Amino acid sequence: MNPLQPPELPDAPYHQRHGAAKALAGTAAAASLLVPVQLAVRAIAPRSQPHLPRLFHRALSRSLGVTVRLHGAPARRGGVLFVSNHLSWTDIPVIGSKLLGHFVAKSEVGAMGPVGWFADLQNTIYVDRDRRHRAGEQRGVIAERLAAGGNVILFPEGTTGDGIRVLPFKSSLFAATDGVEDALIQPVSLAYTRINGLPVRREHLVELAWIGDVEIGPHAHDFVRLGKVRADILLHEAVRPSDFPDRKALSRHCERVVAEGYARLMRA
């Protein structure tokens, strides 16, 4: 059997069949409480750390049936570039529920209806990887956030992986730390490790990972049908860009550390 071919699913139990409605209700409740306050905060301090979105991400993660465990601690309160592997759209609420920071996302995310709107609320930094002439401008925005004491969360793979392995890191946005005094980069490994208390098997990855051009609605439906999911976030030792000869060496180091951490989490 192809390990990436979706298995035939039996009729889901009642609590799983109604998981999507529960997730939608939880999301709507959290949004109605937090979004107006976040809009007011943005008007007063547009570059502030996204504390309120973190509460929203926690509520959304719970609504999706995801329990998040954090291993390790952020290197410091602010001015950290977190670099993580990327598996799914669910990575945003999962990581956002534990770490304060502004996400870096592809420009297409801003046009994804409600997803883009909530991304805007968190002052997401949009990048267009197809327009290399804008790379300097995009790095400048990231550097500005870091220099101001904000954290930035970057997915250097540039796309979502299949969960079998971590994809090669793209080094271009690592240059955003150039010229940022006392810059720190902290590698992060993210893994979905348990479904209903049992270890994740290879055939589950097609429903956990968001691969290719799959629409978010059907994928969300498949995700909540799985039941209770556990996500593990492993924070590694932070490094300084000045410890490496160039950004490519820095990128390779982070990729290796994140990949090894991911494999370790999946074996646990």
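Reader: What is the relative accessibility of Asp182?
Author: Happy to start there. Asp182 counts as partly exposed, a class between buried (under 20% relative accessible area) and exposed (over 50%), found with a 1.4 Å probe on protein chains only. Its relative accessibility comes to 43%.

Reader: Good. What should I know about the model and its numbering before going on?
Author: This is a predicted model, in which local features need pLDDT of at least 70 and side-chain atom pairs count only at pLDDT 80 or more, while totals for chains, interfaces and linings use all residues. Side-chain values use heavy atoms, without hydrogens and water, and residues in each chain are numbered from 1.

Reader: Which residue forms a salt bridge with Asp182?
Author: A salt bridge here is a side-chain nitrogen of Lys or Arg within 4 Å of a carboxyl oxygen of Asp or Glu. The closest N and O atoms of this pair are 2.9 Å apart. The partner sits in the loop between strand S1 (66-71) and strand S2 (80-84), 106 residues from Asp182; strands are DSSP E runs of at least two residues, helices H or I runs of at least four, numbered from the N terminus. At 26% relative accessible area it is partly exposed, and its name is Arg76.

Reader: How many salt bridges are there in total?
Author: Another one joins Arg201 and Glu203, at 2.5 Å from N to O. By the same rule, the count is 7.

Reader: Which residues are linked with Asp232 in a network of salt bridges?
Author: Asp232 is buried, at 2% relative accessibility. One of its partners has its closest N or O atom 3.0 Å away, and that is Arg230. The network links Asp232 with Arg69 and Arg230.

Reader: Now for the interior: which helices give two or more residues to the lining of the second largest cavity?
Author: A cavity is a set of points on a 1 Å grid over the protein atoms alone where a 1.4 Å probe fits but cannot get out, and lining residues have an atom within 4 Å of a point. This one holds about 50 Å³, the space filled by probe spheres set on points joined across faces, edges and corners. Its lining includes Asp162, Tyr192 and Met266. The helices asked for are H7 (205-208) and H9 (247-267).

Reader: And what percentage of the residues count as buried?
Author: The fold comprises 9 helices and 8 strands. Of the protein's 268 residues, the buried part comes to 51%.

Definitions and conventions. On a 1 Å grid over the protein atoms alone, a cavity is a set of points where a 1.4 Å probe fits but cannot get out, and a pocket is an open set with protein on both sides within 12 Å along at least five of seven lines; lining residues have an atom within 4 Å of a point.
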